[in-house]
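Here's a quick walk through one model, from strands to helices to a pocket. Have the structure open and follow along.

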Amino acid sequence: QQYNAIKSIVNSAYGVFGNRFFRMYSKEVAETTTFLVRELLMYVRDKLKDKGFEVLYLDTDSVMVLDDGKNISEILNDLIQDWAKKYNKISSITFSYEYHLDKLLLLSKCHYYAKIQGKTKPEIKGIEVKRSSSSKYEAKFQEELINKVLNKESEDSILEWLISEKERVKTLSFE
């Protein structure tokens with residue numbers, strides 16, 4: 001809860017100080033809000049690469065790593081402490097191992113669909129499947145298409161499905 005509260009405050013500060021219509025707008029303050037964590041994540045990415053890991057994705061508070069299903073949080077936390085020495089500090093920042101992904105469709109930054117090992121509910125960020133403003137059809141269509149891609153269906157099979165779906169949507173009610 002404390003982490004989520006701090007994250008909300010930092011994100012809000014970044015948002016308002018980075019808004020050019022805010023009377024206290026300051027690009028420098030907005031950039032400084034994210035500077036240290038961004039620097040830490042770049043450091044971690046580079047060091048993990050040196051250790052033979054492939055980093056798939058970095059975001060404000062997460063790192064997705066090809067780790068063969070091993071919990072590498074100890075390695076990550078050691079990297080944080082190494083990075084903190086640059087500032088003559090001991091960091092209270094820690095990484096935790098949240099879950100292992102079975103499958104990941106990474107569309108762009110902050111836009112992905114991930115199947116988590118041992119869970120039925122996927123992790124969804126920034127795509128229509130999750131948006132409350134999307135129609136039910138749009139969400140179901142996108143999720144089915146994503147599953148076809150993640151299950152490595154053939155391009156011909158997916159195209160055939162798309163053509164049939166294009167016809168089927170014409171028969172559905174507007175609701």
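## The hairpin turn

Keep in mind that this is a predicted model. A good place to start is the hairpin of β3 and β4, where two residues sit between the strands and C110 takes a positive phi near 65 degrees. That's worth a second look, as C110 has this positive phi without being a glycine. C110 belongs to the loop between β3 and β4.

Is C110 buried, partly exposed or exposed? Its relative accessibility comes out at 33%, so C110 counts as partly exposed.

## Strands and sheet

On either side of that turn, β3 covers residues 101–108 and β4 covers residues 111–116. The two run antiparallel, and six bridges hold the pairing together. If you want to trace the register, try K103, whose bridge partner in β4 is K115.

Zooming out, the hairpin is part of an open sheet of three strands, ordered β3-β4-β5, with antiparallel pairing. β3 and β5 (123–125) are the edge strands, each pairing on one side only. Ignoring direction, neighbouring strands of this sheet are turned by 5 degrees against each other on average. As a general point, strands of a sheet pair through backbone hydrogen bonds, either parallel or antiparallel.

## A helix on the sheet

Back in the pairing of β3 and β4, L101 stands opposite I116 in β4. Which helix packs on the sheet? That's α4 (residues 136–150), which touches β3 and β4. The direction of α4 makes about 65 degrees with that of β4.

Past this helix comes the loop between α4 and α5, and K152 lies in it. Like C110, K152 isn't a glycine, and K152 has a positive phi, of about 55 degrees. K152 counts as exposed because its relative accessibility is 74%, while the cut-off for exposed is over 50%.

## Two helix residues

Next, two side chains to click on. E165 is in helix α5 (residues 155–168). Is E165 buried or exposed? With a relative accessibility of 8%, E165 counts as buried, since buried means under 20%. Setting aside neighbours within four places in sequence, E165 is in contact with Y137 and F141.

Q81 has its place in helix α3 (residues 73–85). Q81 is partly exposed, at a relative accessible area of 24%. Not counting residues up to four places away in sequence, Q81 touches I90, S91 and I93. Take I93: it is twelve residues from Q81 in sequence, and the C-alpha atoms of the pair are 8.7 Å apart.

## The second largest pocket

Last stop: the second largest pocket, which holds about 250 Å³ of space. Its lining is made up of 14 residues, and Y137, V169, L172, S173 and E175 are the ones nearest its centre. Y137 is also one of the contacts of E165.

Which elements give two or more residues to this lining? The answer is α4 and α5. α4 gives the most, with five residues. As for chemistry, the lining divides into seven charged, five nonpolar and two polar residues.

Key
Residues are numbered from 1 along each chain as its sequence is written. This is a predicted model: local features need pLDDT of at least 70, side-chain atom pairs count only at pLDDT 80 or more; totals for chains, interfaces and linings use all residues. Side-chain values use heavy atoms; hydrogens and water are left out. Two strands pair if DSSP finds at least two bridges between them. Helices (H or I, at least four residues) and strands (E, at least two) are DSSP runs, numbered from the N terminus. Axes are lines fitted to C-alpha atoms, for helices over the stretch in contact, and angles run from 0 to 180 degrees between N-to-C directions. Contact means heavy atoms within 4.5 Å. Buried means under 20% relative accessible area, exposed over 50%, partly exposed in between (1.4 Å probe, protein chains only). On a 1 Å grid over the protein atoms alone, a cavity is a set of points where a 1.4 Å probe fits but cannot get out, and a pocket is an open set with protein on both sides within 12 Å along at least five of seven lines; lining residues have an atom within 4 Å of a point. Grid points are joined across faces, edges and corners, and a volume is the space filled by probe spheres set on the points. Ala, Val, Leu, Ile, Met, Phe, Trp, Tyr, Cys and Pro count as nonpolar, Asp, Glu, Lys and Arg as charged, and the others, Gly among them, as polar.
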